Amino acid sequence: METTGATTTRVQALVADLTEDLLFAVSRGSKELFHSDLLAWFAEHEPAVTRALLDLWAPGTAGGHVRAYRELRRLDLVLAEDDPAGAGTLAVVENKMFALPDTDQLRRYGHEVDRLPGSPVLILLGLADPGWPDGRWFDGDGHEWRYCSYAALAAALGELDLPASTDPFAVMTLSRWVEMLEKTSGLAALVGDPHPDHALMLDRPICEALGALNIPVQKLRAYAVATRIRAMVGDASGEVRINATATHGVGLVEAFVPVADGVEAGWQLQGEHWRVAVRVRPGHPLHGRDDAARRGRFAMVEDSGWTDLLRDGAFAGRPIVPEPAGPESFNRFDPDFVYRYVSVPGITVGQAVSEGVRIIDAARSSDRFR
């Protein structure tokens, strides 16, 4: 296993290279938009790039000039045949850089794809591997999405030998862009996709070395946990709501399961705090900021014994905060959220996944709230 010092040194080198990269500096203002705009321009103006993209995303597709559309029906990038007869759409790309893919969003986009001519391939382009079997995900409505990493995109574009007649500025821009994608992908692979035995929280020297990229990397690490949990519990039914993001400088992963009408039970891992929690939905009688609603939420969670899950598994023996001492001994985020928590310094990715699945399974089989 690589030492913290060695990883810090490698992170410092990658971040320094990216910080000095003018193209990276320009890209940070619009993130995915910047990369989608470059893809669209090169797809329309450079046939060799067009061919490389189609070979990567839609092998066997005939060549020819394409039209690239940005934000057509809210779709990031649409490549279509430039044919007056309207022969069809070739590819639809949902582009994620440090943002995280959302299958609910992809389901909605599938309905927009149905309104396009032809039968395009659907591509999720991103840094974070969604963990789909064979890199494919089916939305249940007849649409198949395929994952393409930025590393794979950089490899495909980096192999191109553009004609001598190509605009020198375009050649230089493409080359520098590929280099930037390789560095960004390298950083994501180094610290954004942790091994199950690694601590979820990065050591402070690495966080400091990341600088402004610390929050995006923390999001990727949180997403790595969410991805592994989805693979174990399945999310096709939509029963389990699993989310990952970053807040207050650390990653946040959560999973909630409907356990009664308007009531969800689950957990949140924010940094090194693990919350076992209950959330009531808007419209529920106990949703609100008044004292009666708050006391009602406390009493419901107390009666359910839901936060007793903090006494088991990897949490066993850890002090519960606040100390359980009756229906008022809870933390809360009004108007809907009630919880207790334990501190889990040094929790590994594997432990986070196993504990997350344990609590999800308890919620799926629970009759505590009925």
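1. Let's start with the open sheet of 6 strands ordered E7-E8-E9-E10-E12-E11, where the pairing is antiparallel. Keep in mind that this is a predicted model. The edges are taken by strand E7 (241-247) and strand E11 (331-333), each of which pairs on one side only. On average, neighbouring strands of this sheet are turned by 25° against each other, direction ignored.

2. At the E11 end, the partner is strand E12 (residues 337-343), and the two pair in the antiparallel sense over 3 bridges. If you want a spot to click on there, Asn 331 stands opposite Tyr 339 in E12.

3. Which helices go with this sheet? Helix H9 (residues 214-233) packs on it, touching E7, strand E8 (250-260) and strand E9 (263-270). The direction of H9 makes about 165° with that of E7. Helix H11 (residues 349-364) lies across E8, E9 and strand E10 (273-280), and runs at about 170° to E9.

4. Now the other open sheet on my list: 6 strands again, in the order E1-E2-E3-E4-E6-E5, but here the pairing is mixed. Strand E1 (66-72) and strand E5 (136-138) are at the edges with a single partner strand each, so one side of each has no neighbour in the sheet. The average turn between neighbouring strands of this sheet is 25°, direction ignored.

5. Mixed pairing is easy to see if you step through the strands. E1 and strand E2 (residues 75-81) run antiparallel and are joined by 6 bridges, with Arg 67 opposite Ala 80 in E2. E3 and E4, on the other hand, pair in the parallel sense over 5 bridges. In that pair, Val 93 has Ile 123 of E4 as its bridge partner.

6. How enclosed is E4? Of its 6 residues, 6 are buried, so E4 is largely enclosed by the rest of the structure. In a regular strand, side chains alternate between the two faces of the sheet. The strand splits like this: Val 121, Ile 123 and Leu 125 point one way, Leu 122, Leu 124 and Gly 126 point the other way, and all are buried.

7. Helix H5 (residues 103-113) packs on this sheet and touches E2, strand E3 (89-95), strand E4 (121-126), E5 and strand E6 (144-149). The direction of H5 makes about 155° with that of E3. Helix H6 (residues 150-158) packs on the sheet too, touching E3, E4 and E6, with its direction at about 70° to that of E6.

8. Which residues of H5 are buried? They are Thr 103, Gln 105, Leu 106, Tyr 109, Gly 110, Glu 112 and Val 113. Their arc around the axis is only 155°, which puts them on the same side of H5. The buried residues of H5 pack against E2, E3, E4, E5 and E6. Note that Gln 105 and Glu 112 are in that buried set, in case you are setting up side-chain states.

9. Have a look at Ala 128 as well, in the loop between E4 and E5. Ala 128 counts as buried because its relative accessibility is 10%, against a cut-off of under 20%. Leaving out residues up to four places away in sequence, Ala 128 touches Tyr 147, Leu 220 and Tyr 223. The C-alpha atoms of Ala 128 and Leu 220 are separated by 6.4 Å, although the two residues are 92 apart along the chain. Leu 220 falls within H9 (residues 214-233), the helix from point 3.

10. Back at the start of the numbering, helix H1 (residues 4-19) has 16 residues. From its first C-alpha to its last, H1 reaches 22 Å, close to the 22 Å expected at 1.5 Å a residue. Buried in H1 are Thr 7, Thr 8, Val 11, Leu 14, Val 15 and Leu 18. Their arc around the axis is only 135°, which puts them on the same side of H1. An α-helix has 3.6 residues a turn, so residues three or four places apart point the same way. The buried residues of H1 pack against helix H2 (22-27), helix H7 (168-192) and helix H8 (204-210).

11. Last, the cysteines. How many disulfides does the structure hold? The count is 0. Cys 148 counts as buried at 5% relative accessibility, and Cys 207 is buried as well, with a relative accessible area of 18%.

Note on methods: Residues numbered from 1 in each chain as written. Predicted model: local features only at pLDDT ≥ 70, side-chain atom pairs only at ≥ 80, totals over all residues. Heavy atoms only, no water. Disulfide = S-S within 2.5 Å. Buried < 20%, exposed > 50% of the residue type's maximum accessible area, 1.4 Å probe, protein only. Helix = DSSP H or I, 4+ residues; strand = E, 2+ residues; numbered from the N terminus. Expected span 1.5 Å × (residues − 1). Arc of directions from axis to C-beta. Contact = heavy atoms within 4.5 Å. Pairing = 2+ DSSP bridges. Axes fitted to C-alpha atoms, helices over the stretch in contact; angles between N-to-C directions.
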